[in-house]
Amino acid sequence: MAEVFRHDLTVSDPEVLPALGERTGMRFGYSSTDPDFSYRLSRAGDERVAVSAVHVGGTMSLWGDTGAFTVANVRGVRYDWQVREETGAAAAGSSVLFRPEYSSLVVAQDVDVTMAHLPVELVQATADTVYGTETAVGFTSSAPVSARLGQYWSALARYGAGVVASEAFAEPLVRAELTRHLAVGLLECFPLVGDREERYLSMEAQAHRYRVAVQFFDDHAAAPVTVEDAARAAGTTTRALVQAFRANHPLGLTPAQYLRRIRLDAAHRDLREADPRAGNTVKEIASRWGFTHAGRFAQYYRQAFGVPPHHTLHR
């Protein structure tokens, strides 16, 4: 399980900031001659995702590059940026993407910035799964694809900041869902190298396979069906169906994990309705839903419902 970290600090000396930035791959230098300069940071995350909320008081300049994909959503007086030859201003609630190995320069004044930091390996793996391709991820611009998608990222950044600030962020499933939202949002909101129409068609095909397989599993969970049966029903291969589930299921479950979960739900329902005085047993109900290993069934059941199966039967 990934370890969660939280950092909260306020500084007035820009020379201490580079050491802080390196923790999320921000290899920047910082400078300010403003006597009213201040820098307040609140950051939380794990090894897969981090979200930072930054307030800059006064004027500050920063320059360098980043080891992770970092998207800054900005509100305030001034946030002028340059990424290689591309320039822009993001002080009106817009966003800018900082890319690994791309030299950047920012001049900021009295701004609030929400930054999402996503490792290159995570973004690449997400792109491979969502689009069904294995080409290297690259972006053609640091600005969003459109004003509408820029607004979408702003809403996503606010949502992410809220999740990170909540107690729920300590839960692995919550962090996994947020990580997926941010990674897919990055890929969709900023202009990727390659044919956008081709990616869209790939996503549509995967979504169709996913919907067909989910319906197949829901309709036939009580029958001795397998993942291969669902793949045939969806007109695809097992490998492609796994990609479709990872791309479309909210928690990135595989087909096998999804089938196991709906059978666990069915076993849970039967245990609640069973009568041990009539001879109903955990073993009988588990076997009915395809769980032949008692210990493994108990482990899965506890993970899903928080109690051993015999507690449900004898409640």
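Helices here are DSSP runs of H or I with at least four residues, and strands are runs of E with at least two, both numbered from the N terminus. With that in hand, let's tour this predicted model.

**A threonine in a loop**

Start at Thr236, which sits in the loop between helix 6 (227-233) and helix 7. Is Thr236 buried or exposed? Its relative accessible area is 17%, and since buried means under 20%, Thr236 is buried. Leaving out neighbours within four places in sequence, Thr236 is in contact with Arg209, Ala231 and Leu241.

**Where two helices cross**

Just past that loop we can look at helix 7 itself. Two packed helices are described by the angle between their axes and the distance between the axes. For helix 2 (residues 120-131) and helix 7 (residues 238-248), the axes come within 7 Å and cross at roughly 115 degrees. The crossing is left-handed. Which residues do the touching? On the helix 2 side they are Asp128, Thr129 and Val130, and they meet Gln243, Arg246 and Ala247 in helix 7. Sorted by class, this contact has two nonpolar, two polar and two charged residues.

Val130 also gives us a handy ruler. Glu198 and Val130 are 68 residues apart in sequence, yet 12 Å apart in space, going from C-alpha to C-alpha. Glu198 itself belongs to helix 5 (residues 196-220), and it counts as partly exposed because its relative accessibility is 49%.

**Another threonine, this time in a helix**

Now hop over to Thr179 in helix 4 (residues 172-189). Why does Thr179 count as buried? Its relative accessibility is 2%, and the cut-off for buried is under 20%. A polar atom of its side chain lies 2.7 Å from the backbone oxygen of Arg175. Not counting residues up to four places away in sequence, Thr179 touches Arg48, Val49 and Leu122.

**Strand 5 and its partners**

Strand 5 (residues 69-83) pairs with strand 7 in an antiparallel way, through five bridges. In this pairing, Asn73 stands opposite Ser95, and Ala72 stands opposite Val96. Strand 7 (residues 92-98) is mostly covered, with five of its seven residues buried.

How many bridges link strand 5 to strand 8? There are 14, and the two strands are antiparallel. One of the pairs puts Arg78 across from Gln109 in strand 8.

Strand 6 (residues 86-89) is antiparallel to strand 5 as well, with four bridges joining them. Here Val83 stands opposite Glu86. Strands 5 and 6 form a hairpin with two residues between them.

**Positive phi angles**

That hairpin turn brings up a backbone detail: Arg84, in the turn, has a positive phi. Glu101 and Asp110 have positive values too, and neither residue is glycine. Here are the angles side by side:

| Residue | Place | Phi |
|---|---|---|
| Arg84 | turn between strand 5 and strand 6 | about 55 degrees |
| Glu101 | loop between strand 7 and strand 8 (104-118) | near 70 degrees |
| Asp110 | strand 8 | near 45 degrees |

What about their surroundings? Glu101 counts as exposed because its relative accessibility is 55%, whereas Asp110, at 34%, counts as partly exposed.

Note on methods:
Residues are numbered from 1 along each chain as its sequence is written. This is a predicted model: local features need pLDDT of at least 70, side-chain atom pairs count only at pLDDT 80 or more; totals for chains, interfaces and linings use all residues. Side-chain values use heavy atoms; hydrogens and water are left out. Buried means under 20% relative accessible area, exposed over 50%, partly exposed in between (1.4 Å probe, protein chains only). Two strands pair if DSSP finds at least two bridges between them. Axes are lines fitted to C-alpha atoms, for helices over the stretch in contact, and angles run from 0 to 180 degrees between N-to-C directions. A crossing is left-handed if the near helix is turned anticlockwise from the far one by less than a right angle, and right-handed if clockwise. Contact means heavy atoms within 4.5 Å. Ala, Val, Leu, Ile, Met, Phe, Trp, Tyr, Cys and Pro count as nonpolar, Asp, Glu, Lys and Arg as charged, and the others, Gly among them, as polar. A polar contact is a pair of N or O atoms within 3.5 Å; within protein, one must be able to donate a hydrogen and the other to accept it, and residues adjacent in sequence count only if both atoms are side-chain atoms.
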